[in-house]
Amino acid sequence: MRMTKQRIQILDIFKSYAKPLSAEMIMEKLPDDALNLSTIYRTLETFYDEELISKSTIEHTNYYYLNDHKHHHYMICLSCHKMIEIDCHLHEFEEQVAKAHQFKVTHHDMTLYGYCHECQPKAS
Ligand SMILES: [Zn+2]
Ligand SMILES: [Zn+2]
């Protein structure tokens, strides 16, 4: 993948905001007229294909976040979009089901959605 100036700009935004970002949110954080929304969408899909970022969907909007090398999962608050990093406990389960179905697992994905402690009173 070619690292253009625009791609570096988008990656820098992900590095400075440790929370999931939608294409619109990235657009707002970029300097005026730097990129149009469809270029941002295309770039995000490229990053996703290259496994640089992961994606979760909240109410029909895709939110993207950086993949770092340590494997973990996230709980995402539907109200404030806070991300809480959680350890992965799926590897043993993955081995069991893969063996039972003679399936070769390459990777997995899991996101928990709900309301964080601060947002629970508002959500109920
Ligand atoms: Zn919250
Ligand atoms: Zn995992």
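**Close-up views of a predicted model**

**View 1. Helix α4 and the residue that follows.** Helix α4, which covers residues 91-100, is hardly covered by the rest of the structure, since the count of buried residues among its 10 residues is 0. Just after α4 comes Gln 102, whose phi is positive, at about 45°. As in every view below, the coordinates belong to a predicted model.

**View 2. The whole chain, for orientation.** The chain holds 5 helices and 5 strands, and from the N terminus on these elements run α-α-α-β-β-β-β-α-β-α. Along its principal axes the C-alpha trace spans about 50 × 45 × 25 Å, and 13% of the 124 residues count as buried. Among contacts between residues at least 6 apart in sequence, 49% join residues that are at least 24 apart.

**View 3. The open sheet of β4, β3 and β5.** Three strands form an open sheet in the order β4-β3-β5, with mixed pairing. Strands β4 and β5 stand at the edges and have a single partner strand each, so one side of each is left without a neighbour in the sheet. On average, and with direction ignored, neighbouring strands of this sheet are turned by 25° against each other. The mixed character can be followed strand by strand: β3 (residues 72-77) pairs with β4 (residues 83-87) in the antiparallel sense over 5 bridges, whereas β3 and β5 (residues 111-114) run parallel and are joined by 4 bridges. Individual bridge partners help to place the strands, with His 72 bridged to Asp 87 in β4 and Tyr 74 bridged to Thr 111 in β5.

**View 4. The hairpin of β3 and β4, with Lys 82.** The hairpin has 5 residues between its two strands, and within the hairpin His 81 takes a positive phi near 65°. Lys 82 also has its place in the loop between β3 and β4. With 18 other C-beta atoms within 10 Å, Lys 82 is partly exposed. When residues up to four places away in sequence are not counted, Lys 82 touches Lys 19, Cys 77 and Cys 116. By contrast with these contacts, the C-alpha atoms of Lys 82 and Asp 109 are separated by 18 Å, the two residues being 27 residues apart along the chain.

**View 5. Cys 88 in the loop after β4.** Cys 88 lies in the loop between β4 and α4. Cys 88 counts as exposed because it has 12 C-beta neighbours inside 10 Å. Even so, if its neighbours within four places in sequence are left aside, Cys 88 is in contact with His 71, His 72 and His 73. Of these histidines, His 72 is the bridge partner of Asp 87 in β4. Cys 88 and Tyr 74 are 14 residues apart in sequence, with 9.4 Å between their C-alpha atoms.

**View 6. The largest nonpolar core.** The largest nonpolar core has 12 residues, namely Ile 10, Phe 14, Leu 21, Ala 23, Ile 26, Leu 35, Ile 40, Leu 44, Phe 47, Ile 53, Tyr 63 and Tyr 64. The elements that give two or more residues to this core are α1 (5-16), α2 (23-29), α3 (37-49) and β2 (61-66), and the largest share, 3 residues, comes from α3. In soluble globular proteins, nonpolar side chains tend to be buried together. One member of the core, Tyr 63, is in contact with Pro 20, Leu 21, Ser 22, Lys 55, Ser 56 and Ile 58, leaving aside its neighbours within four places in sequence.

**View 7. The crossing of α1 and α3.** The axes of α1 and α3 come within 11 Å and cross at roughly 75°. Because angles from 65 to 115 degrees count as roughly perpendicular, α1 is described as roughly perpendicular to α3. At the crossing, Gln 6, Arg 7 and Ile 10 in α1 meet Thr 39, Ile 40 and Thr 43 in α3. By class, this contact has 2 nonpolar, 3 polar and 1 charged residues. Ile 10 and Ile 40, which take part in this contact, also belong to the largest nonpolar core.

Conventions:
Residues are numbered from 1 along each chain as its sequence is written. Chains are lettered from A and ligands numbered from 1 in the order in which they are written. This is a predicted model: local features need pLDDT of at least 70, side-chain atom pairs count only at pLDDT 80 or more; totals for chains, interfaces and linings use all residues. A residue is buried if 20 or more other C-beta atoms lie within 10 Å of its own, exposed if 12 or fewer, and partly exposed in between; C-beta atoms are placed from the backbone. Two strands pair if DSSP finds at least two bridges between them. Two residues are in contact if their C-beta atoms, placed from the backbone, lie within 7 Å. A nonpolar core is a set of buried Ala, Val, Leu, Ile, Met, Phe, Trp, Tyr and Cys residues joined through C-beta atoms within 7 Å. Axes are lines fitted to C-alpha atoms, for helices over the stretch in contact, and angles run from 0 to 180 degrees between N-to-C directions. Angles under 35 degrees count as roughly parallel, over 145 as roughly antiparallel, 65 to 115 as roughly perpendicular and the rest as oblique. Ala, Val, Leu, Ile, Met, Phe, Trp, Tyr, Cys and Pro count as nonpolar, Asp, Glu, Lys and Arg as charged, and the others, Gly among them, as polar.
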